[in-house]
Amino acid sequence: MVQYSISATNNPKKPIKLCIWESAVLTDSRVRPFHFKANYSCETLPEAMEILQQVETESQQYEAVA
């Protein structure tokens, strides 16, 4: 499972920031269900959504194997 956020930046060349988190294995010492995976700076919203789709697909494939 992937969680994400999309926000605006002050960079006119890459005005969109995509942050992605993935599911984490919970333990006694880990209380957060997600861990940080990556930040992407994008030029357009469709570009950000394409990256998100690729990450979600990879995550689903990994979960299917595990």
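Let me begin with a term: a residue is called buried when its relative accessible area is under 20%. The model we are looking at is a predicted one, and with that in mind I would like to start at E22, which sits in strand β2. Its relative accessible area is 17%, and therefore E22 counts as buried. If we set aside the residues up to four places away in sequence, E22 touches M1, V2, P33, F34, H35, K37 and S59.

One of those partners, V2, brings us to the interior, because in soluble globular proteins nonpolar side chains tend to be buried together. Here the largest nonpolar core has nine residues, namely V2, I16, L18, I20, C42, A48, I51, L52 and V55. The elements that give two or more residues to this core are β2, spanning 16-23, and α1, and it is α1 that supplies the largest share, with four residues.

Let us stay for a moment with C42, which is a member of that core. Leaving out its neighbours within four places in sequence, C42 is in contact with K14, P15, I16, E47, A48 and I51, and of these I16, A48 and I51 are also listed in the core.

Now we turn to the surface, where Y4, I6, L45 and M49 make a nonpolar patch of about 340 Å². The elements that contribute two or more residues to this patch are β1, covering 2-8, and α1, covering 45-65. Which class of exposure does M49 fall into? M49, which is found in helix α1, has a relative accessibility of 36%, so it counts as partly exposed.

Conventions: Residues numbered from 1 in each chain as written. Predicted model: local features only at pLDDT ≥ 70, side-chain atom pairs only at ≥ 80, totals over all residues. Heavy atoms only, no water. Patch = residues over 30% accessible without salt bridge, like charges linked within 9 Å, V, L, I, M, F, W, Y side chains within 5 Å. Areas by Shrake-Rupley, 256 points an atom, 1.4 Å probe, with all protein chains shown as cover. Salt bridge = Lys/Arg side-chain N within 4 Å of Asp/Glu carboxyl O. Buried < 20%, exposed > 50% of the residue type's maximum accessible area, 1.4 Å probe, protein only. Core = buried A, V, L, I, M, F, W, Y, C linked by side-chain atoms within 4.5 Å. Contact = heavy atoms within 4.5 Å.
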